[in-house]
Every structure is written in C-alpha cells, then in structure tokens.
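Biologist: Before we begin, please show me the model, and then I will ask how its labels were earned.

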Amino acid sequence: MDEEYDVIVLGTGLKECILSGLLSVDGLKVLHMDRNDYYGGESTSLNLIQLWKRFRGSDKPPANLGPSRDYNVDMIPKFIMANGTLVRVLIHTDVTKYLSFKAVDGSYVFNKGKIHKVPATDIEALKSPLMGLFEKRRARKFFIYVQDYDENDPKTHGGLDLTRVTTRELISKYGLDDNTVDVIGHALALHRDDRYLNEPALDTVKRMKLYSESLARFQGGSPYIYPLYGLGELPQAFARLSAVYGGTYMLNKPECKVEFDVEGKVCGVTSEGETAKCKKVVCDPSYLPNKVRKVGKVARAIAIMSHPIPNTDDSHSVQVILPQKQLGRKSDMYLFCCSYSHNVAPRGKFIAFVSTEAETDRPEIELKPGIDLLGPVDELFFDTYDRFVPVNEPSLDNCFISTSYDATTHFESTVMDVLHMYRMITGKNVDLSVDLSAASAAEE
C-alpha cells in the first residue's frame, strides 16, 4: 500500500471503473479501492437474497420466485444505445471480449393514456397510431429532413443554421402538434424535460439520428442493447481491463480517507493506518461529501413479475418513456423491463423498474402512473436516493468527482460525464473514431 500512484480511484461504480480502465490503458499507474466487498458501487446488481436483505431486512425470499442466483437485479438499470458513445468506449478499450450483449426487444412511449411503439423513421411515422393522417404526413417530412441532414453538407440544411435555430422554431416549420413534439423530444431525442425546445436544434437532430442509426444496427425492435447477466458485468469488465494494464485493486478497504497537503491538493489516501500517495483522486460523491452538492432525488420502484409489461407486444426487454406533460410533471418517468432472455431472472420471471426524478417525498404515490402499467406484480420494492454534483475546482485540488446517476434508463448522459472527467484528468479526448462493425460479433 505504501507506494506512489498517478491516480487513486475510489469506488467501483461503472463510471469509476471505466475511468480506471481508460487511465490504465494510457499507461498511468492506478490503484483502485472500494470500501465495499463487491464491484459496482451504487450501480451493482443484486441476487434475490441480497435484494431481500437490502429492502426487507431478511435473507429468506419466497421459494416460488426461483433460485436466488438466477437473479441479477440492477440497482441503476440502463440500456445502452447500440450506436452510442458507450459502445464506442467498449470497442476502443476492447472490453467487448469480456461481455456478451443482446438487443432489447422494444422501445415505447406513453401517450394519451396508452403505450405506443416509438416511430423512428419516416416509414414508421406513416404507420404509427400516435398520429392522424395529416399529422403523419407532416411528421414524415420532418423525419426525412432529419435523416438527410448532414452537418458537413450545407445542401442538406434547408437553409437553416441549426446552431442558432431553436428546436421549437425548427419543429414549428413542419407544423407538428404538441403530442408529436412530445414523442420526438422525449422518446426519440431522449431529452429529460422540455428545456431543449428553447435550445439550438442541432443537438436534438443529432440525438434523433443516433436513435435511428442505433435502431438500424440490429434491424430489431429498439435502438438498445443490454449485457447478458445485467449491468454488474460492466464494472467488472473494466476492472479486468485495468488489471491487465497493471492497475491494482483493493476491495473491502474501510474508511478510505482522502489526504490533502498544505495547499489543499490531494496527496494520498489512507486506509487501515496505511497511506498510498497519489497525484490525483477519482471518486464517486460518497467519498468526498464536503465537495459535492445535492441537486435532486431519484424515486424508483422495482417489481418482480411473471409476465411482460402489457401492451408491449410481449417484449421480454423493453423501455417505455412517459413524457412529463402526459403526467402533468416536471420530469419524465421511465419503465425498464428485462427478463430471463437477458439472464437476469429465472425462466418465466420479469424484472421491471419505474423511475423518475422525485418531486415529492412519497414515491409510492408519485410512481403510481408507471406502476399501473405493469399489470399484476409478484413483489414490489421502493427505493429513493439523492443525486449529487461536484462543486470543487479540480485544477486546484486534483479531485475528480463523478455526478450521481440520473433517473433515465439509458446510458448517454452517464458516458458524457465519464468522457468529461477523462478530459479534465488527462487534458485530452478519448479517441472514439472506431469501426463499430467490428463489435457486431460480440453483440449477437
């Protein structure tokens, strides 16, 4: 332990493990510590006995739910965009060799009290029951504009500078109604609230293109993929990568106190009376509570069921987005469902999550619109956790703190935080110009 490291990483959450892997590949000397005796931190996956201990205070789940070891229940469930940034990071680091992925069956949106498939192309827009005949034609024209748009080819811009035109202005050119705008903004572009309408339209167009490119990769029912055996596999895969490149791992290290020199810069981490010296520390908010600020709270329900979510074409894995306006809320609600088809539950069992940014102190009532869509449930658990963001200045103290996970059930914002931290730590960008077709073998 009494050695000097370039970076000490505290916590084995997904963000910390990705950074540990990237920094080790870069040739930095990394020590990775965690006060827990398991990988994953807040983003771990639990078996049935662990789930019961955490939420019911007992280690005897009912026998009718099947073997405990057949369950991998993610505490922060998220699907991965098939053409998104996380996939590029996985390929860049070659972590795909430790993981197997499978496409997610369906992507749906809640609109006017019903669940509908998300239309992602001009052809799907024409078929969608979400819109009337004239609205379909208007939507089709908008989808064609987005599909043809190429940032580097002004001929495709339709005379618009999308770095200046707001999303609201772009959409109003096509005369789309509020319901269609809701679907486009929340279920395709995956915005979490309506602030995007007053921001430059380029971001929304890029997000819509990412959605349709991801959908096209598998010709499947959704743009998402998800690892077999759950997300708990991801931190461990990056931990393996770090170890291959010389990273050192120490789990079950109590305390993990960050030490500072007289100038307030980090100089090491002490645990069990020993101090490891370092130049920089990477950690989740729980390790440096005096350098973070609470910005919100996530409310979540976890359901074990014996059937898929109704009205999703019997999908064994699915995301349903409930846009804020449909519920009279300030932020969206998300349904996530996975099952034995991704090896996260025994045959015949489904695990569903309902999550949202908490706006009250009563998650049972707040999450009811999502829970009502699940049909009968075998077991139901409620969970809330606070969200924190760093308030320190990393250039002054050399502490790089991740933000807490949000309520969304997809990974794009998570990966953006990782890449931002990597840039701050190293002063350079991760090279993500990878050939995505190279990953197809790992995804079947």
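Modeller: The largest cavity has a volume of about 40 Å³. Keep in mind that this is a predicted model.

Biologist: What makes it a cavity and not a pocket?

Modeller: A cavity is a set of points where a 1.4 Å probe fits but cannot get out, whereas a pocket is an open set. The structure holds two cavities of 30 Å³ or more, and the second largest cavity also has a volume of about 40 Å³.

Biologist: Which residues line the largest cavity?

Modeller: Its lining is made by Ala120, Phe143, Val146, Gln147, Leu188, Met208, Lys209 and Ser212. Helix H5 (133–148) and H8 each give at least two residues to that lining.

Biologist: How do you know which class each of these residues belongs to?

Modeller: Ala, Val, Leu, Met and Phe count as nonpolar and Lys as charged, while Gln and Ser fall among the others, which are polar. The lining of the largest cavity therefore divides into five nonpolar, two polar and one charged.

Biologist: What lines the second largest cavity?

Modeller: Asn72, Val73, Asp74, Tyr226, Phe336, Cys338, Val344, Ile351 and Phe353 do. By class, seven are nonpolar, one is polar and one is charged. Strand S4 (73–74), strand S16 (333–339) and strand S17 (350–357) each supply at least two of the lining residues.

Biologist: What is the volume of the largest pocket, and which residues lie nearest its centre?

Modeller: The volume is about 1,200 Å³. Of the 45 residues that line the largest pocket, Leu190, Asp203, Arg207, Glu412 and Ser413 lie nearest its centre. H8 gives the most to this lining, with eight residues. The lining has 15 nonpolar, 11 polar and 19 charged residues.

Biologist: And how large is the second largest pocket?

Modeller: The second largest pocket has a volume of about 410 Å³. It is lined by 24 residues, and Glu42, Asp284, Pro285, Ser286 and Ser404 are the closest to its centre. S18 provides the largest share of that lining, three residues.

Biologist: Turning to the surface, why is tyrosine 245 called partly exposed?

Modeller: Its relative accessibility is 45%. Buried means under 20% and exposed means over 50%, so tyrosine 245, at 45%, counts as partly exposed.

Biologist: Where does tyrosine 245 lie, and which patch does it help to make?

Modeller: Tyrosine 245 is in the loop between helix H9 (233–244) and strand S10 (248–250). Together, Val25, Val244 and Tyr245 make a nonpolar surface patch of about 280 Å².

Technical notes: Residues numbered from 1 in each chain as written. Predicted model: local features only at pLDDT ≥ 70, side-chain atom pairs only at ≥ 80, totals over all residues. Heavy atoms only, no water. Patch = residues over 30% accessible without salt bridge, like charges linked within 9 Å, V, L, I, M, F, W, Y side chains within 5 Å. Areas by Shrake-Rupley, 256 points an atom, 1.4 Å probe, with all protein chains shown as cover. Salt bridge = Lys/Arg side-chain N within 4 Å of Asp/Glu carboxyl O. Helix = DSSP H or I, 4+ residues; strand = E, 2+ residues; numbered from the N terminus. Buried < 20%, exposed > 50% of the residue type's maximum accessible area, 1.4 Å probe, protein only. 1 Å grid on protein atoms, 1.4 Å probe; cavity = no way out; pocket = protein on both sides within 12 Å on 5 of 7 lines; lining within 4 Å. Points joined across faces, edges and corners; volume = space filled by probe spheres on them.
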